[in-house]
Amino acid sequence: LERERQTGTRNCFAISDVDFPREPPPQRIDVQVGEAAFRGSFVFDRVFDDALGQADVYKASAQPYVADFLSGTNVTLFAYGQTGTGKTHTISGPSDDPGIMGRCLADIFAGLPVTGCKLHYEYVQIYIDEVKDLLIDANK
């Protein structure tokens, strides 16, 4: 996000459903090019604008699944999108503002002793046709 601010880029979308989030979603965004050219309108389960931080994204998207996981439900968090769209930032985050995975693990480890359950955890990257285990040191 800082890189985008330094280069003077601007958002190309506007959230048109301003009374959101609501339960249940959807939420609509309008995509525009420049000041006047309208490209389309799209509906998503949840849209986060750049005013929201990592904690907001975690609370709205992943935190509810931690309780499900601690009650015995298998949970998968899946980030999908084009290269350079912020998946790694959202999932990992910077060290001073952790992303979804760090926050999930903190909440899981806080709640795990109460359940008496074991944690089985995978953290993988799928790129084209390659699956990479991100918990194994690539230098070994």
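What follows is a look at the overall fold, one pocket and two residues of a predicted model.

Starting with the big picture, the protein is built from five helices and five strands. Read from the N terminus, these elements come in the order α-β-β-β-α-α-α-α-β-β. The chain has 140 residues, and 17% of them count as buried. As for the surface, about 10900 Å² is exposed, with carbon and sulfur atoms supplying 53% of that area. Contacts across the sequence were also tallied: among those with a separation of 6 or more, 31% are between residues 24 or more positions apart.

Next comes the second largest pocket, which has a volume of about 1200 Å³. Its lining is made up of 33 residues, and Leu77, Phe78, Ala79, Tyr123 and Val124 are the ones closest to its centre. Four elements, namely α3 (63-70), α4 (87-91), α5 (100-115) and β4 (124-127), each put two or more residues into this lining. The top contributor is β4, with four residues. In terms of chemistry, the lining of this pocket splits into 19 nonpolar residues, 12 polar ones and just two that are charged.

Helix α5 is also where Arg103 sits. Is this arginine, Arg103, buried or exposed? Its relative accessibility comes out at 18%, and the cut-off for buried is under 20%, so Arg103 counts as buried. The side chain of Arg103 has a partner in Asp97: the two side chains are joined by a polar contact of 2.7 Å. Asp97 also turns up among the residues that Arg103 touches once neighbours within four places in sequence are set aside; the full set is Gln54, Ala55, Tyr58, Asp97 and Pro98.

His120 lies further along, in the loop that runs between α5 and β4. Here the relative accessibility is 69%, and anything over 50% is called exposed, so His120 counts as exposed. What separates His120 from Asn74, in sequence and in space? Along the chain the two are 46 residues apart, while their C-alpha atoms are 9.8 Å apart in space.

Put side by side, the two residues give opposite readings: Arg103 is buried, whereas His120 is exposed. Helix α5 links these parts of the description, as Arg103 is found in it, the loop holding His120 lies between it and β4, and both α5 and β4 are among the elements that line the second largest pocket.

Note on methods. Residues are numbered from 1 along each chain as its sequence is written. This is a predicted model: local features need pLDDT of at least 70, side-chain atom pairs count only at pLDDT 80 or more; totals for chains, interfaces and linings use all residues. Side-chain values use heavy atoms; hydrogens and water are left out. On a 1 Å grid over the protein atoms alone, a cavity is a set of points where a 1.4 Å probe fits but cannot get out, and a pocket is an open set with protein on both sides within 12 Å along at least five of seven lines; lining residues have an atom within 4 Å of a point. Grid points are joined across faces, edges and corners, and a volume is the space filled by probe spheres set on the points. Ala, Val, Leu, Ile, Met, Phe, Trp, Tyr, Cys and Pro count as nonpolar, Asp, Glu, Lys and Arg as charged, and the others, Gly among them, as polar. Buried means under 20% relative accessible area, exposed over 50%, partly exposed in between (1.4 Å probe, protein chains only). Contact means heavy atoms within 4.5 Å. Accessible areas come from the Shrake-Rupley method with a 1.4 Å probe; for residues, only the protein chains shown count as cover. A polar contact is a pair of N or O atoms within 3.5 Å; within protein, one must be able to donate a hydrogen and the other to accept it, and residues adjacent in sequence count only if both atoms are side-chain atoms.
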